[in-house]
There are 2 protein chains.
Amino acid sequence: MADWKNLDTLESYKELEKVEKVDIAKELSGANGAERVKKYSVKGAAGMTFNYAAKAVDDKVLAALKKLAEEAELADKYAELYNGAVINTGEKRLVLHQLTRGQLGKKIEVDGEDKRAFYVEQQNRIAEFANKVHAGEIVNEKGEKFTTVVQIGIGGSDLGPRAMYLALENWAKKSKLFKMEAKFISNVDPDDASQVLNSVDVSRSIFILVSKSGTTLETLTNESFVKDALKNAGLDPAKHMIAVTSATSPLAGNPDYLDAFFMDDYIGGRYSSTSAVGGAVLSLAFGPEVFADFLLGAAEEDKLSTEADPMKNPAMLDALIGVYERNVLGFPSTAILPYSQGLSRFPAHLQQLDMESNGKSVNRFGEAVDYVTGPVIFGEPGTNGQHSFYQLLHQGTDIIPLQFIGFKNSQLANDVVIQGSTSQQKLCANVAAQIVAFACGKKDENPNKNFKGGRPSSIIIGEELNPKTLGALLAHFENKVMFQGFLWNLNSFDQEGVQLGKTLAKKVLARETDGALSVYSDLLNI
Amino acid sequence: MADWKNLDTLESYKELEKVEKVDIAKELSGANGAERVKKYSVKGAAGMTFNYAAKAVDDKVLAALKKLAEEAELADKYAELYNGAVINTGEKRLVLHQLTRGQLGKKIEVDGEDKRAFYVEQQNRIAEFANKVHAGEIVNEKGEKFTTVVQIGIGGSDLGPRAMYLALENWAKKSKLFKMEAKFISNVDPDDASQVLNSVDVSRSIFILVSKSGTTLETLTNESFVKDALKNAGLDPAKHMIAVTSATSPLAGNPDYLDAFFMDDYIGGRYSSTSAVGGAVLSLAFGPEVFADFLLGAAEEDKLSTEADPMKNPAMLDALIGVYERNVLGFPSTAILPYSQGLSRFPAHLQQLDMESNGKSVNRFGEAVDYVTGPVIFGEPGTNGQHSFYQLLHQGTDIIPLQFIGFKNSQLANDVVIQGSTSQQKLCANVAAQIVAFACGKKDENPNKNFKGGRPSSIIIGEELNPKTLGALLAHFENKVMFQGFLWNLNSFDQEGVQLGKTLAKKVLARETDGALSVYSDLLNI
């Protein structure tokens with residue numbers, strides 16, 4: 001059994017605090033800089049590379065981080081997780097999202113059921129369903145093929161699957177694997193559902209209702225919206241809807257749905273893209289083989305994350321450097337900057353993944369911690385961000401650590417040569433230039449044009465954004481967040497912080513308010 | 001002439017630091033809380049209200065902020081700006097975006113040209129052009145009406161106009177004022193242009209090339225993409241493209257464009273949504289009258305911002321509270337949380353507006369400042385965010401000030417009653433509940449379910465998101481950012497921080513690199 005201790009009680013952390021700080025600008029400049037970029041690089045899953053040469057680390061800091069990884073028993077804790085320990089201490093649950101991708105440890109049984117077999121069974125059932133839809137064996141009332149799939153879900157049932165869909169849409173089109181357009185309804189704002197319904201042919205749409213409990217108010221409300229629209233079009237909702245839910249929810253085995261696919265309590269919403277929550281919509285949109293490749297990429301990264309030496313384990317190293325930046329260097333936020341339009345909503349997914357997992361003030365035993373935990377996560381694709389908030393990143397008064405992502409090739413492979421280079425080359429030249437600009441800065445006599453540098457970044461580089469690299473990328477960040485949770489001694493798998501708002505909103509709707517809440521309700525005309 | 005001084009040299013700022021801090025949870029609880037919500041509210045433009053009852057202020061703090069506004073001469077500085085002073089000291093330029101909305105001060109002439117007349121002339125020219133397109137007087141080669149408008153631009157030529165388009169799209173459809181669908185191409189990633197071009201009928205599309213200088217590399221590259229697509233479809237690009245540019249750019253008076261509409265050096269990209277940059281695409285999409293209403297809303301807020309008393313000037317008060325939170329209370333980021341799906345990209349626009357304007361380390365005279373300036377800005381629409389990063393906002397170790405936005409009515413007015421309330425009521429109940437949950441928290445014996453509260457927020461409330469309220473909302477934040485720039489003694493109107501990356505990217509593309517940059521270039525296969 002690993003020893004779960006607070007970060008600030010670890011000797012290796014106290015040592016880390018004392019290690020001399022690194023001047024990134026100095027380290028990355030000149031001929032030594034070239035050597036450093038070659039050296040500070042680790043092989044990731046799916047042929048990707050994690051390069052941390054522009055981070056504020058050197059061999060001494062890295063040695064201290066390695067000691068921290070050992071004393072915090074990161075590899076042992078991960079092993080406990082994938083061998084079925086109750087890692088989600090708050091809700092007293094196992095944490096099994098990696099099991100949707102592969103069997104890393106021993107067979108895990110709950111109530112006599114082999115959980116790996118259960119997840120594979122759901123994948124197979126989804127694959128069979130999707131193949132029938134694509135083959136025209138499951139059709140609408142008129143016998144027409146379905147052309148669109150609409151996911152109804154919020155939070156983890158929306159952000160992850162949506163980001164993954166957008167990341168693979170163009171790749172699938174180029175690869176001639178694209179099957180059906182996907183849309184997403186999430187917000188309880190009625191304009192969200194109305195807008196999506198106005199943009200699709202409901203008679204040829206399959207709707208996926210995603211709710212683990214079958215009781216999420218936003219999702220049930222939007223389901224009613226959809227059912228009304230189907231009925232108004234003279235259609236039978238039961239012929240157009242499937243459910244992704246837990247086997248014990250009221251949505252399971254319910255004749256109101258064409259079929260139901262199951263998730264369980266051991267996969268949190270924000271970790272559910274590789275479960276049936278992502279599986280149904282991605283298999284319908286791109287075919288089960290694409291979803292299977294996505295799982296393979298994630299499985300490869302999960303396996304890599306079992307490596308105890310952080311110098312060979314990019315997710316663990318990324319986690320350690322992040323904690324060093326947050327707790328020792330004192331940086332309060334981190335930007336995610338993918339140089340890939342396909343990853344336009346990947347930062348929004350990581351924002352949930354990271355902030356909902358590690359935005360906590362008590363440790364896994366419910367005791368207040370005396371150090372800062374999860375940072376604010378934000379980001380937009382490059383080069384767009386360069387013409388926007390990068391001004392502050394370069395010359396603002398705070399230092400914001402950066403996580404770049406880049407691919408050598410575009411997805412659609414349609415390009416144009418202007419001023420001697422392709423757009424893809426311009427895109428990659430920009431990310432390379434930004435790393436060096438942030439790290440090294442540039443002295444200028446005009447203080448307004450002076451760049452101090454010293455702004456740390458890492459980059460994950462892949463050949464192409466495709467199902468396998470996307471799966472590996474997703475798992476990299478899931479595992480990074482998990483390792484950071486271990487370091488901060490948090491339970492990264494519950495989310496009690498979302499409950500109070502829900503409770504108060506119910507009171508407002510039941511007119512059971514007084515004081516300030518009652519006046520706010522009046523102001524908003526509720 | 002106002003006296004431009006650093007924030008930390010002002011006596012009123014030193015006094016502000018000493019004022020006793022406010023316990024929001026205490027102030028907002030009980031019967032007094034109700035009175036506070038009613039009292040701490042100021043009327044905004046276009047019928048909106050700015051309510052700051054859940055901010056960490058009381059009458060003493062507010063009095064200190066008022067003194068600060070006076071000593072910093074905020075109203076005088078704004079008056080200098082709208083009377084044509086060279087407020088953009090770095091680039092030695094006037095700052096005239098408010099002049100696109102109305103004449104607040106004296107007539108401003110540059111090189112003998114009345115600038116207000118110039119902006120109005122461009123609005124009229126755009127209106128005439130748009131009306132002809134809508135009437136079928138300007139048509140494609142086959143004599144067919146144009147159905148789609150595609151904006152090609154990046155940064156301020158993209159984020160603001162895109163956010164405004166999305167904010168009004170459903171309103172216009174419901175109001176039967178919708179004329180043409182708009183799309184946007186921004187990223188130099190070739191997948192961006194390819195994807196947009198794959199999604200439109202180019203033969204019936206008008207493309208707007210937006211570049212002040214006519215030399216922005218991303219935009220010219222994407223223009224080539226579009227021209228290739230038009231030529232490949234056997235079409236004449238000159239019959240499908242218009243330009244928004246400066247009168248002296250190579251794009252002006254150029255036979256390659258159907259027409260050109262002008263902006264000038266006195267309107268920065270991030271402040272250009274009310275200039276021809278937003279005017280062309282919004283007038284084509286919704287008609288010139290809608291754009292005119294949008295300007296009216298902004299003009300109303302600009303006028304309100306001339307009020308010297310911050311207690312009657314919501315943008316100024318918002319600015320003052322923000323500086324108090326950033327510099328005195330020490331909060332490093334701010335979240336923008338619109339409870340309106342139409343505002344899905346409004347936070348991304350404000351992220352640019354705020355971070356590019358005030359993410360600076362030197363004052364307007366080029367001297368380093370000894371205090372923190374612009375915060376990190378991020379956000380997503382509610383209720384989506386509630387199921388995502390709100391966990392950290394409620395229970396994380398850092399306090400993040402929040403800016404809520406809410407409307408009493410939806411845009412499409414299509415709704416459903418579930419469990420006794422409409423979706424719109426649920427949406428509004430949630431924002432009301434969140435304000436109180438963040439401010440007051442809730443004690444629980446289980447520390448994992450305990451909410452400390454004390455997390456400050458404000459809310460802007462309107463009847464409906466429409467052209468006028470949107471214009472007022474946009475101007476509120478523009479003016480807030482401007483007042484904060486005055487307080488921090490920054491030049492909020494240049495962006496030297498984006499230059500170094502551009503220079504280095506050119507070197508990479510010219511193969512003129514060595515050291516670290518050269519290795520990064522190799523890794524990215526450039």
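This passage describes the interface between chain A and chain B in a predicted model, and then two elements of chain B, strand β10 and helix α5.

In the predicted model, the contact between the two chains draws on 133 residues from chain A and 132 residues from chain B. The area buried between chain A and chain B is about 11200 Å², and carbon and sulfur atoms account for 63% of this area. Of the area that chain A buries against chain B, 7% is supplied by A:H387, A:Y520 and A:L524, which is more than any other three residues contribute.

Polar and charged interactions also cross this interface, where the count of salt bridges between chain A and chain B is six. In one salt bridge, the side chain of A:R326 meets that of B:D398, with an N to O distance of 3.1 Å. Across the interface, 46 residue pairs are found in polar contact, with both residues of each pair at pLDDT 80 or more. Helix α15 of chain A, spanning residues 423–440, provides 15 residues, the largest share of the side of chain A that touches chain B. When that side of chain A is divided by class, it comprises 56 nonpolar, 55 polar and 22 charged residues.

Within chain B, strand β10 (residues 333–339) is largely enclosed by the rest of the structure, because seven of its seven residues are buried. The side chains of this strand can be sorted by direction: B:S333, B:A335, B:L337 and B:Y339 point one way from β10(B), whereas B:T334, B:I336 and B:P338 point the other way, and all of these residues are buried. Strand β10(B) runs parallel to strand β11 of chain B (residues 376–378), to which it is joined by three bridges. The bridge partner of B:S333 in β11(B) is B:V376.

Helix α5 of chain B (residues 74–82) is likewise largely enclosed by the rest of the structure, since eight of its nine residues are buried. These buried residues are B:L74, B:A75, B:K77, B:Y78, B:A79, B:E80, B:L81 and B:Y82, a list in which the charged residues B:K77 and B:E80 appear alongside nonpolar ones such as B:L74 and B:L81. The cover over the buried residues of α5(B) includes four helices of chain B, namely α4 (59–71), α11 (288–304), α12 (314–328) and α16 (467–488). Following α5(B) is B:G84, which has a positive phi, near 95 degrees.

Methods: Residues numbered from 1 in each chain as written. Chains lettered and ligands numbered in written order. Predicted model: local features only at pLDDT ≥ 70, side-chain atom pairs only at ≥ 80, totals over all residues. Heavy atoms only, no water. Contact = heavy atoms within 4.5 Å. Buried area = accessible area lost by both parts, 1.4 Å probe. Salt bridge = Lys/Arg side-chain N within 4 Å of Asp/Glu carboxyl O. Polar contact = N/O pair within 3.5 Å; in protein donor to acceptor, adjacent residues only side chain to side chain. Buried < 20%, exposed > 50% of the residue type's maximum accessible area, 1.4 Å probe, protein only. Pairing = 2+ DSSP bridges.
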